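Work through the exercises below with the sequence and the coordinates open. Try each task before reading its solution.

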Amino acid sequence: MGAERHLTVHNAVRRVMPTSSDLKALELQRDELKSQLSQIGEMRPGSLVARFRKCGKPTCHCAKKGSKGHGPSHSLTWPVAGKTVTRIIPPGPAMDQTRRQLEEYHRFRQLVQQLLTVSEQICDWQLRHPEPESEGLKKNFTRRPPRR
């Protein structure tokens, strides 16, 4: 079964290998992705979450059964060195700005993944079609002046 699985993976890879006519298209696609990456604006990773909280006052509307509580208040969370950092985002322009920054981060991640995929296809093509060495010169050959 191990050999069959290897053949299946190998065949799947062979089907997506670019041909020489595809190489130029892949290079154009790579250049376009790089151009798009250079246009990335302010970004930040994380998750924006709407939270509802109960204040703890027994006479408040939030204490009633089935009440969502006070809110929503929005918090942005992201990991730093294995710990979760949380920042409260105020409503209004700050919320809109944070949403745009998160969207830009997701766009950045998507572009990077596409660039890696295209670059890998280009590299695979180059491995299968190496550039010919300069004729008449061997690798690591240094010309020495003739002896007199």
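## Exercise 1: Strand 2

P72 sits in strand 2. This is a predicted model: local features require pLDDT of at least 70, side-chain atom pairs count only at pLDDT 80 or more, and totals for chains, interfaces and linings use all residues. Residues are numbered from 1 along each chain as its sequence is written, and side-chain values use heavy atoms, with hydrogens and water left out.

**Task.** Find the cis peptide bond, then describe the surroundings of S75.

**Solution.**
- Step 1. The cis peptide bond joins G71 and P72. Its omega is about 10°.
- Step 2. S75 is placed in strand 2, which covers residues 70–80. Strands (E, at least two residues) and helices (H or I, at least four) are DSSP runs, numbered from the N terminus.
- Step 3. S75 counts as buried because its relative accessibility is 1%. The cut-offs are under 20% relative accessible area for buried, over 50% for exposed, and partly exposed in between (1.4 Å probe, protein chains only).
- Step 4. List the contacts (heavy atoms within 4.5 Å). Residues up to four places away in sequence aside, S75 touches S47, L48, V49, R51, T86, R87, I88 and I89.
- Step 5. Check the side chains. Those of S75 and R51 make a polar contact at 3.1 Å. Such a contact is a pair of N or O atoms within 3.5 Å; within protein, one must be able to donate a hydrogen and the other to accept it, and residues adjacent in sequence count only if both atoms are side-chain atoms.

## Exercise 2: From strand 2 to strand 3

**Task.** Which residue in the loop between strand 2 and strand 3 has a positive phi, and where does T86 lie?

**Solution.**
- Step 1. Take the loop between strand 2 and strand 3 (83–89); A81 is placed there.
- Step 2. Phi of A81 is near 50°, a positive value in a residue other than glycine.
- Step 3. A81 has a relative accessible area of 80%, so A81 is exposed.
- Step 4. T86 belongs to strand 3. Its relative accessible area is 43%, so T86 is partly exposed.
- Step 5. Neighbours within four places in sequence aside, T86 contacts S75, L76 and T77. The C-alpha atoms of T86 and L76 are 5.6 Å apart, with their positions ten residues apart in sequence numbering.

## Exercise 3: Helix 3

**Task.** Compare the span of helix 3 with the expected value, then place E104 and V112.

**Solution.**
- Step 1. Helix 3 has 36 residues. From its first C-alpha to its last, helix 3 reaches 53 Å, close to the 52 Å expected at 1.5 Å a residue. The expected span is 1.5 Å times one less than the number of residues.
- Step 2. E104 lies in this helix, residues 93–128. E104 counts as buried because its relative accessibility is 16%.
- Step 3. Residues up to four places away in sequence aside, E104 touches Q39, I40, G41, E42 and M43.
- Step 4. V112 is also found in helix 3. At 28% relative accessibility, V112 counts as partly exposed.
- Step 5. V112 and L33 are 79 residues apart along the chain. Their C-alpha atoms are separated by 8.1 Å.

## Exercise 4: Nonpolar cores

**Task.** Which residues form the largest nonpolar core, and which helix supplies the largest share?

**Solution.**
- Step 1. Apply the definition: buried Ala, Val, Leu, Ile, Met, Phe, Trp, Tyr and Cys residues joined through side-chain atoms within 4.5 Å.
- Step 2. The largest core has nine residues: L23, L26, L33, I40, L111, L115, V118, I122 and W125.
- Step 3. Helix 2 (20–38) and helix 3 each supply at least two residues of this core. The largest share, five residues, comes from helix 3.
- Step 4. A second, separate core has five residues, including W78, I89, M95 and L102.
- Step 5. Zoom in on I122. Neighbours within four places in sequence aside, I122 is in contact with L23, L26, E27 and R30.

## Exercise 5: The whole chain

**Task.** Give the order of elements and the model confidence.

**Solution.**
- Step 1. The chain has three helices and three strands. From the N terminus, they run α-α-β-β-β-α.
- Step 2. The average pLDDT (the predictor's confidence in each residue, from 0 to 100) is 83, and 76% of the residues score at least 70.
- Step 3. Over residues 1–15, pLDDT stays under 50, and the model has zero contacts beyond four places in sequence for them.
- Step 4. Of the 148 residues in the chain, 19% are buried.
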